[in-house]
Amino acid sequence: MARPIRRVAVLGAGVMGAGIAAHLASASVPVLLLDIVPPDLKENEKGDRAARNRFAAGGLDKAVKNKPALFMHPSRAQLVSVGNFDDDLQKLADCDLVIEAIVERLDVKRALFEKLDNIVSADTIVASNTSGLRIKDMLEGRSKRFREHFMVMHFFNPVRYMKLLELVVGPETLASVSNRVKLFGENSLGKGIVYGKDTTNFVGNRIGAFSMMAAIHQMIEDKLSPEDVDAIAGSPMGRPKSAAFGTADLVGLDTFVHVANNCYTGLPDDEERDVFKIPAYITGMLEKKLLGNKTKAGFYRKAKDGSRETYDPYTGEYRAQSKGSDVQKATKGLRGIEETAERVKTLVNDQSAAGQFAWKTVARTLAYTARRIPEIADTLWAVDDAMKWGYNWELGPFETWDAIGFQSSCARMKADGRQLPQWIEVMLSKGAESFYTADGKVWDPATGGYVLREVDPRTRPFSSQRTKVLEENEGATLWDTGDGVFALTFKTKSNSIDQHAIDMIHLAVDRSESDGRAMLVFNEGENFCVGANLFAVVAAAMQGQFEDIKSMARKLQAGCQKMKYARVPVVAAPYGFTFGGGLELCLGANNVQAAAETYAGLVEVGVGLVPAGGGTMGLLWRAFEGVPEGATVDSYALVTQVFKNIALAKVATSAMEAQELGYFRKNDGVSFDRARHFHEAKKRAIGLAESGWVAPAPKAYKLPGASGIATLGMMVRTLVQSGMASEHDALIAGKVANILCGGMGGHVEPVSEDKMLELEVEAFASLCGEEKSQQRMQYMLTENKPLRN
């Protein structure tokens, strides 16, 4: 086993350096963040450490305030200490890893590495976050020990949200060093590791820049607009919705041009070098400081009247954004095709202008990518993973090739005059029909045959580990995943909770108790659970079927209570949107293994309702958990905080924030890598089952009662009088206050769970009868929005 990396220094507090430091701190790794001493210090500031650390401190401050958040919780910033290169480089001797993220200038990096060579300890690893400079050039003049402990760690921005971490080793890098960094990146940081070669822009940016530049040049050749290209190059091609020009605005036009220029200047022998040449109109945009979102104007901008405008590459001026072109109409028909592979295949085989553009850019990118093996990477899956993890493609280049048909597309490329490498010709001569096979093998260009892909067993998908259906209905399935662990999964739209899903919750607990030893609530899809199926609630409310509404709410409450008091441990595995009923499932589970990127909250007030699955009680009881028996506690203080979180529909923007807000317990698990989520959730369930699991006992607490209701009411009334809340908001808040305070008599004696749940049901049903609540619910359904305020 490799020794753990306990302390890291990041050199350079710019966007990348600060982002790397934030992610390290989120992973509980202490960080030393250094930058240069500001060159313009006044005489009286030269001895002031705060002034000398201004650049590093400023970078940290920006990271803390950044939206979207770079830290998984602001408190993790306490793990980052700041300093400067002149005063604090000696501290690097105590670091296990030093990550350099300074300006992309070879002379500046060399000068810094020369200093580090004389400071860092014998085992300290030094890594560069460079995206374009060669290792051999950066290490000129360095000692043997330094060269053996040096490599590239290329993170993608924003570091928290982009899974890709490219590792590049030098000719003298020790295998133990590379392995230590790999394990740290995977296990501590949750990154997907791709080994690249010491070539310009490595893997992700080499192929990503080529793909985007090919689309930009093809647009002019086909006389299309940026809107047309983005309509094609987004979800129809299995790419992010930001597509080509939207992505350039997102990352910054200056950054995008820098990456493309790196390729153009650093790849003089590339047969498609001219693709990386920046068109004159983009150079003009740089000169005008039209850099994208960071300057609020790039390929797209918002006009003064709020409308969207597009930078017209043919006129060099902004114009109203075009809608409804033939190309845009052609891509709309693809929205109904859910499978990415089928969607891309349909698009490239379409004979419209959209289909022809897609084929030309896809074919050119695939052929170029194939010719880069083994120049930039040795394996096909390394390239595919790089594009999925670094550019958010749904399918990598070789997976895309398989999707559109390997042999038929090769024939079409040849007919178009595309140059294919010899190893592709070998595949064709041997009758290969795809790069990937159903039995887990991948074509290996080096040997000219299929090899078994190296896969971390922890990342095996849930679909490959569920062995048998135990129970199933229209809304959910109970799976046997082996080892006595059963997994409940929903199959409704957005994993919403309907009557069928509720029925399966009850049945899943029964089967797990009788035939298993642990149960998981593990969903698939974009989000864990967006809450209750509003359609059913609205339909019943409009027909005045309030007893049916109460019955449905009670059954959901009973399901969550049944999980809580099951004779086997129940572990919920939330990720993505975990709203309303989704969070109530987590509160009902005995334990949680949450994906780091989990966005959780009880947001029912956004549609004019209150939680109806035990969430109000669940959050309050969770707040009481840390109070030792016999201690005097101000129940009103706890009630007030829970009240604010529910009444304001407070959404945690990470699993760690959910822990701090009391939505999850502090000792619940957090999975940094979604690919390992099922593995880690199952291990947690097995661990509970094997460590003497005992179900908890119901609780009862004295609550504020009438006085608490009145005090919270005054707080809400102040908001109404100041125009920050409506009368209907006040009505909903009053219902929440009544539940949390245990009703008017909540202070008289401890309030039981049954009493709390009944208060919740009555409040929920009464609000379903309110016209404004019904209007809010109908709006959410009409707009197809998730249940979020």
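A helix crossing is called left-handed if the near helix is turned anticlockwise from the far one by less than a right angle, and right-handed if clockwise. Keep that handy for the first exercise. The model here is predicted.

**Exercise 1. Describe how helices α23 and α31 pack, and give the handedness of their crossing.**

Step 1: find the helices. Residues 546-564 make up α23, and residues 753-768 make up α31.

Step 2: get the geometry. The two pack at an angle of about 145°, and their axes are 9 Å apart. The crossing of α23 and α31 comes out right-handed.

Step 3: see who does the touching. From α23, the contact residues include Phe546, Ile549, Ala553 and Arg554. From α31, they include Glu753, Leu757, Val761 and Phe764.

Step 4: sort the contact by class. Between α23 and α31 there are eight nonpolar, two polar and seven charged residues.

**Exercise 2. Work out what kind of aromatic pair Phe398 and Phe435 form, and where each ring sits.**

Step 1: know what to look for. A pair of aromatic rings is described by the distance of the centres and the angle of the planes. The structure has 25 aromatic pairs to pick from.

Step 2: apply that here. The ring centres of Phe398 and Phe435 are 5.1 Å apart with planes at 70°, so this is an edge-to-face pair. The cut-off for that label is over 60 degrees.

Step 3: place the partners. Phe398 belongs to helix α18 (residues 397-404), while Phe435 is in the loop between α20 (422-429) and β12 (441-444). They are 37 residues apart, and the pair links distant parts of the chain.

Step 4: check burial. Phe398 has 0% relative accessibility, so it counts as buried. Phe435 is also at 0%, so it counts as buried.

Step 5: look for company. Phe398 and Phe435 belong to a cluster linked by ring pairs, along with Trp401, Phe406 and Trp423.

**Exercise 3. Find which arginine has its charged end over the ring of Tyr575.**

Step 1: go to the ring. The charged end of Arg674 sits over Tyr575, 4.0 Å from the ring centre.

Step 2: find another example. Arg301 does this with Tyr318, its charged end being 3.8 Å from the centre of the ring.

**Exercise 4. Decide whether Leu34 is buried or exposed, and list some of its contacts.**

Step 1: locate the residue. Leu34 is in strand β2 (residues 31-35).

Step 2: read the accessibility. The value for Leu34 is 0%, so it counts as buried.

Step 3: look across the sequence. Leu34 and Phe85 are 51 residues apart along the chain, yet their C-alpha atoms are separated by 6.2 Å. Leaving out residues up to four places away in sequence, Leu34 touches Val10, Ala56, Val82 and Phe85, among others.

**Exercise 5. Look at the backbone: which residues do cis peptide bonds join, and where does a positive phi turn up in Lys223 and Ser494?**

Step 1: take the cis bonds. One joins Lys67 and Pro68, with omega about 0°, and Pro68 lies in the loop between α3 (54-65) and β3 (80-84). Another joins Ile373 and Pro374, with omega about 5°.

Step 2: take phi. Lys223 isn't a glycine, but its phi is positive, about 60°. Lys223 lies in the loop between α9 (204-222) and α10 (226-233), and its 68% relative accessibility means that it counts as exposed.

Step 3: try Ser494. Ser494 also has a positive phi of about 60° without being a glycine. The place of Ser494 is the loop between β16 (485-490) and α21 (499-515), and with a relative accessible area of 38%, Ser494 is partly exposed.

Key:
Residues numbered from 1 in each chain as written. Predicted model: local features only at pLDDT ≥ 70, side-chain atom pairs only at ≥ 80, totals over all residues. Heavy atoms only, no water. Axes fitted to C-alpha atoms, helices over the stretch in contact; angles between N-to-C directions. Helix = DSSP H or I, 4+ residues; strand = E, 2+ residues; numbered from the N terminus. Contact = heavy atoms within 4.5 Å. Nonpolar A, V, L, I, M, F, W, Y, C, P; charged D, E, K, R; others polar. Phe/Tyr/Trp six-rings, centres within 6.5 Å; stacked < 30°, edge-to-face > 60°. Buried < 20%, exposed > 50% of the residue type's maximum accessible area, 1.4 Å probe, protein only. Lys NZ or Arg CZ within 6 Å of the ring centre and 35° of its normal.
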